[in-house]
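Please describe how the helices pack here, and what the loop joining them looks like. A short report follows.

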Amino acid sequence: MSQTMLAYGFLAIAIVSEVTGATFLAKSEGFSKPLPTIITMICFGIAFYLLSQVIKIIPLGIAYAIWSGVGIVLVTT
């Protein structure tokens, strides 16, 4: 498997992690509920770490366009 394909796989996981984090962010009710808050932090941590690895291979503009576009579609559905 090429590095580019691996990077796109990491990007997909990062997007799913970010959307999951955003979902639990709403359920944390202003960080007043511990479990959703912890899940939010873990998901966003994973998402940003993977995105930082992705942009070593895929240009930032392309990675961020995919990240934001797919993220918006997943959050609104």
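Glu 29 sits in the loop between H1 and H2, and Phe 31 lies in that loop too. Helices (H or I, at least four residues) are DSSP runs, numbered from the N terminus. Most residues other than glycine have a negative phi. These two loop residues have positive values, as the table shows.

| Residue | Phi |
|---|---|
| Glu 29 | near 50 degrees |
| Phe 31 | about 60 degrees |

This is a predicted model: local features need pLDDT of at least 70, side-chain atom pairs count only at pLDDT 80 or more, and totals for chains, interfaces and linings use all residues. Residues are numbered from 1 along each chain as its sequence is written, and side-chain values use heavy atoms, without hydrogens and water.

Next, the packing. The axes of H1 (residues 3-27) and H2 (residues 34-54) come within 8 Å and cross at roughly 155 degrees. That makes H1 roughly antiparallel to H2 (angles over 145 degrees). Axes are lines fitted to C-alpha atoms over the stretch in contact, and angles run from 0 to 180 degrees between N-to-C directions. By class, 17 nonpolar, four polar and two charged residues make up the contact of H1 with H2.

H1 itself has 25 residues. Its span from first C-alpha to last is 36 Å, close to the 36 Å expected at 1.5 Å a residue. Among its buried residues (under 20% relative accessible area, 1.4 Å probe, protein chains only) are Ala 7, Leu 11, Glu 18 and Gly 21. Their cover includes H2 and helix H3 (60-76), where contact means heavy atoms within 4.5 Å.

Methods: Helix = DSSP H or I, 4+ residues; strand = E, 2+ residues; numbered from the N terminus. Parallel < 35°, antiparallel > 145°, perpendicular 65-115°, else oblique. Nonpolar A, V, L, I, M, F, W, Y, C, P; charged D, E, K, R; others polar. Expected span 1.5 Å × (residues − 1). Buried < 20%, exposed > 50% of the residue type's maximum accessible area, 1.4 Å probe, protein only.
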